[in-house]
Amino acid sequence: MAETVSTLTLAEMKSAGEKITMVTGYDYPSARLLDQSGIDTILVGDSVGVVVAGYKDTLPVTVDEMIYHGQAVVRGTERALVIIDMPFMSYQISIEDAKRQAGRIMKETGAGAVKLEGGIAMKKTIKALVEIGIPVCGHIGLTPQAVNQLGGFKIQREKERLLEDAQAVAAAGAFALVIECVPAEIAGEVTKTVAIPTIGIGAGNGCDGQVLVLHDMLALFDRFRPSFVKQYADLGAETKKALREYSREVKAGIFPGAEHSFK
Ligand code: KIV
C-alpha cells in the first residue's frame with residue numbers, strides 16, 4: 001500500500017513542487033474510488049448539502065450530517081488525507097464552540113483535519129484549534145457560507161485583502177489553504193507569498209494543488225455547473241442510459257434471465 005498522506009506530506013509536496021490533488025467525497029463508495037485512484041486528499045465538503053441533499057446552498061448543513069458523511073468516507077479511505085468541512089455556524093459563534101465542534105468531528109470520524117472558511121476574521125479560531133492538536137485547512141476568496149454577505153457566488157478580486165487573509169491563515173498555523181474563485185494571477189501571487197500549500201478551485205494553475213467537486217467533474221449534478229469545472233466524464237448520461245435499459249428489460253420480461261434467477 002502506498003504511504004498514507006498527512007498534513008506534512010502536503011508541505012513536502014509544496015517544497016518539491018509536486019502538485020496536490022483534492023476531490024470532494026461524501027460516502028464510502030466514492031471514498032474508495034478516490035483513494036484507489038491516488039487522489040491525495042479527500043474533502044468531505046459541506047457542498048454535500050448542495051450536490052447530495054439538494055439544498056440551494058451550504059448553509060443548512062449540520063455538524064451531525066458532516067460527521068455521518070465523514071465517517072463513511074474515513075471507512076472507505078486507506079491512503080488519502082481526509083479533511084472535513086466545519087459547517088456554517090459551527091465555529092463562528094465562539095472559540096469554545098469551534099473547539100467543541102471540531103473536536104467532535106475529529107473524535108467521531110477519525111478524519112485527519114478540518115476545514116473552515118474565512119481569513120483574518122478566523123485567525124484566532126484557527127490558532128486555538130491548532131494549539132489543541134486539530135489540523136486546520138483554511139478557505140479564502142469565495143467562501144460559500146458567506147454567500148449572502150458576498151451578494152452571490154462571485155469572483156473575488158480584492159488582491160490586498162486576499163493576500164492579507166492568506167497571511168493571517170498561514171500565521172495562525174493552518175497546514176493548507178483553499179482559494180476559491182479568484183483570478184489566476186492573484187491566486188498565483190498568494191501561492192508565492194505563503195509558506196503553506198494552496199489548493200485552488202476556480203483559481204487558475206498557479207496554486208500548489210487543485211480541488212473539484214466530484215459530482216461536478218463527473219456530471220452527476222445537473223442543476224448548474226460553474227465555468228471553472230472541467231467535466232472528466234458524463235456519468236449522469238451513463239447512469240440514465242443504464243437505468244433506461246434496465247427499465248426496458250423489466251417491462252419486456254427480459255430481466256431477470258435464467259442466469260440471474262435461482263434454481
Ligand atoms: O464544500 C466544498 O466542496 C468546498 C470546495 C468547493 C473547496 O469547500
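Domain bounds here come from an automatic or database domain assignment. With that in mind, colour this predicted model by its two parts: domain 1 covers 7-232, and domain 2 covers 235-263. Placing a marker at the C-alpha centre of each domain gives a separation of 39 Å.

Next, select the strands. Show S1, residues 20-24, together with S8, residues 209-212: the two pair in the parallel sense, with four bridges between them. Pick out Val23 and you will find its bridge partner in S8, Leu212. Now add S7, residues 198-201, which also runs parallel to S8 and is joined to S8 by two bridges. Here, Gly200 stands opposite Gln210 of S8.

Time to look inside. The largest nonpolar core has 57 residues, and those touching the most other members are Met86, Val114, Leu116, Ile126, Leu177, Ile179 and Val190. Which helix gives the most to this core? Select H8, residues 159-171, and you have the answer: helix H8 supplies five residues. In soluble globular proteins, nonpolar side chains tend to be buried together.

Keep Leu177 on screen and bring up its contacts, setting aside neighbours within four places in sequence. Among them are Cys137, Gly138, His139 and Ile140, as well as Ala166 and Val169. Val190 is on the list too, and so is the run Ile196, Pro197, Thr198 and Ile199.

For a last stop, clear the selection and choose Leu10, Ile83, Val178 and Ile201: these belong to a second, separate core of 16 residues.

Conventions
Residues are numbered from 1 along each chain as its sequence is written. This is a predicted model: local features need pLDDT of at least 70, side-chain atom pairs count only at pLDDT 80 or more; totals for chains, interfaces and linings use all residues. Side-chain values use heavy atoms; hydrogens and water are left out. Two strands pair if DSSP finds at least two bridges between them. A nonpolar core is a set of buried Ala, Val, Leu, Ile, Met, Phe, Trp, Tyr and Cys residues joined through side-chain atoms within 4.5 Å. Buried means under 20% relative accessible area, exposed over 50%, partly exposed in between (1.4 Å probe, protein chains only). Contact means heavy atoms within 4.5 Å.
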